[in-house]
Amino acid sequence: MARNQFGGFGGPNMQQLMRQAQKMQQQMEQAQADLETKEYEASAGGGAVTCKVNGKREIVSLTIKPEAVDPEDVEMLQDMVMAAVNEALRQGEENREKTMSALAPAGMGGMF
């Protein structure tokens, strides 16, 4: 490795890299905080079941229309609830990946 004119490795360029790394870390922390406040909504069964989750991966609301409740077919209702919840969570995760990858340096987008 070549030494710079200051006798060390890196010198002023290393300080600039450190500042850039700190700035990127602050941007990522802000993006994560912003992501936690977002909400994602999905429905199943033609809107019979609707689920809303937040960026913390918590269910915020779950709405089941009365006509979706059939005591003779509880499994169908369970399937619709799972489908709506899973789709809302998938939307949130997709948005998280997209947001965080945009902040990552080139070639490191898949780390999140």
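In helix α1 of this predicted model, the residues M28, A31 and L35 are buried, with relative accessible areas under 20%. An α-helix has 3.6 residues a turn, so residues three or four places apart point the same way. The cover over the buried residues of α1 includes strand β1 and helix α2. Helix α1 itself comprises residues 12–37, and because each of its 26 residues should contribute 1.5 Å, a span of 38 Å is expected, in agreement with the 38 Å that separates its end C-alpha atoms.

The strands β1, β2 and β3 form an open sheet in that order, with antiparallel pairing. Since β1 (39–44) and β3 are the edge strands and each has a single partner strand, one side of each is left without a neighbour in the sheet. From one strand to the next, the twist averages 10°. Helix α2, formed by residues 74–103, lies across β1, β2 and β3, and its direction makes an angle of about 150° with that of β1.

Within the sheet, strand β2 (residues 49–54) and strand β3 (residues 59–64) are joined in the antiparallel sense over 5 bridges. Along this pairing, T50 is placed opposite T63 of β3, while V53 faces I59 of β3 as its opposite residue. The hairpin made by β2 and β3 has 4 residues between the strands, and in this hairpin R57 adopts a positive phi near 65°.

Note on methods
Residues are numbered from 1 along each chain as its sequence is written. This is a predicted model: local features need pLDDT of at least 70, side-chain atom pairs count only at pLDDT 80 or more; totals for chains, interfaces and linings use all residues. Side-chain values use heavy atoms; hydrogens and water are left out. Two strands pair if DSSP finds at least two bridges between them. Helices (H or I, at least four residues) and strands (E, at least two) are DSSP runs, numbered from the N terminus. Axes are lines fitted to C-alpha atoms, for helices over the stretch in contact, and angles run from 0 to 180 degrees between N-to-C directions. Contact means heavy atoms within 4.5 Å. The expected span of a helix is 1.5 Å times one less than its number of residues. Buried means under 20% relative accessible area, exposed over 50%, partly exposed in between (1.4 Å probe, protein chains only).
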